[in-house]
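Student: Could we work through the packing of this model together, beginning with its nonpolar interior?

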Amino acid sequence: MSEDPHLLTEEAGPILIATLNRPQKLNALSGQLMKLFEAAVHRFRDTPALKVMLIRATGRYFCAGADLLSGDPEGSGQAKTASEIRESHRLKLHGMQRIYNEMEAIEKPFVVAHHAPCVGGGLELSLSCDFRLAAKSARYSFPEGKFGVLPASNGVSRLARIVGTHWARYIIMANLPVTADRALIMGLVHEVWPDETFDDEVMRFCRHVAEQNGEQMGAAKIAIELARDVGLAQARNVERLANSALMLNPEYRAGIEKYIAGIGNKAKKE
């Protein structure tokens, strides 16, 4: 009996939905799953009609992390030196770092919806998304500390940028899980919704994001990261540089003229 695909994809208008589909394995990130996921990321990148990519999952976990029970499908064997381990993190692990870097570089928004616990590698994947949405049942943790190591595919680098060193210490050093409500306080997730309405709220959010101006969205994604990394004066230059291109877009002028006309009509009625 053949196994179901580890990842399912479907289109809902301008939204590409990618669903982790290994519920019996708690959606552990297998080689097949990551291969299919990378293909979905490329499909999203290369299809102009697709405006948002939504990542969700089936079953009682969003993701339990990397699949540690599938052996070594890459045939790399046990690393014998620290250098080999570093290269393995960079180049192997089913291409995780390559895929997550591509997600961050693509000038379209990625949304991830956590309906249940999100652990280890699943959280690392989520950290490369632009928006993280949580149901009340979601929980977050990095179990790597139990084995005396660090999460190495976004777990330290991206987590510290998103929630700051204060909360990164709590999750990684203290090795404590956090609830969805605490994740909201930390800035790890953008919204927390009741389990009963979660799916509807997620789709409402995705449809709203899909309606935003695509050129503005892409420029904002780049500008926000740059502005964080440079000083205040240079961050202002990033704003000016981005707007110098956006304001030449015919859609901008048409939008401004429509807005001004609307204000004028409203004033006349009053």
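Tutor: Gladly, keeping in mind that the model is predicted. Leaving aside neighbours within four places in sequence, F37 is in contact with L7, M53, I55, I99, M103 and L125.

Student: Which residues touch the most other members of the largest nonpolar core?

Tutor: This core has 46 residues, and elements that each supply at least two of them include α1 (31–46), β3 (52–57) and α3 (96–105). Apart from it lies another core, of 17 residues, L54 and F198 among them. Within the largest core, the residues that touch the most other members are F37, M53, I55 and Y140.

Student: Which strands are the edge strands of the open sheet?

Tutor: The sheet has six strands with mixed pairing, in the order β1-β2-β3-β4-β6-β9, and its twist averages 20° from one strand to the next. At one end of this order, β1 runs antiparallel to β2 and is joined to it by six bridges, with L8 having T19 in β2 as its bridge partner. An edge strand pairs on one side only, and this holds for β1 (7–12) and β9 (191–193).

Student: How are α5 and α8 oriented to each other?

Tutor: R158, A160 and R161 in α5 meet E225, R228 and D229 in α8, a contact that by class has one nonpolar, no polar and five charged residues. The axes of α5 (residues 157–173) and α8 (residues 214–229) lie 13 Å apart and make an angle of about 85°. Because angles of 65 to 115 degrees count as roughly perpendicular, the two helices, α5 and α8, are therefore roughly perpendicular to each other.

Definitions and conventions:
Residues are numbered from 1 along each chain as its sequence is written. This is a predicted model: local features need pLDDT of at least 70, side-chain atom pairs count only at pLDDT 80 or more; totals for chains, interfaces and linings use all residues. Side-chain values use heavy atoms; hydrogens and water are left out. Axes are lines fitted to C-alpha atoms, for helices over the stretch in contact, and angles run from 0 to 180 degrees between N-to-C directions. Helices (H or I, at least four residues) and strands (E, at least two) are DSSP runs, numbered from the N terminus. Angles under 35 degrees count as roughly parallel, over 145 as roughly antiparallel, 65 to 115 as roughly perpendicular and the rest as oblique. Contact means heavy atoms within 4.5 Å. Ala, Val, Leu, Ile, Met, Phe, Trp, Tyr, Cys and Pro count as nonpolar, Asp, Glu, Lys and Arg as charged, and the others, Gly among them, as polar. A nonpolar core is a set of buried Ala, Val, Leu, Ile, Met, Phe, Trp, Tyr and Cys residues joined through side-chain atoms within 4.5 Å. Buried means under 20% relative accessible area, exposed over 50%, partly exposed in between (1.4 Å probe, protein chains only). Two strands pair if DSSP finds at least two bridges between them.
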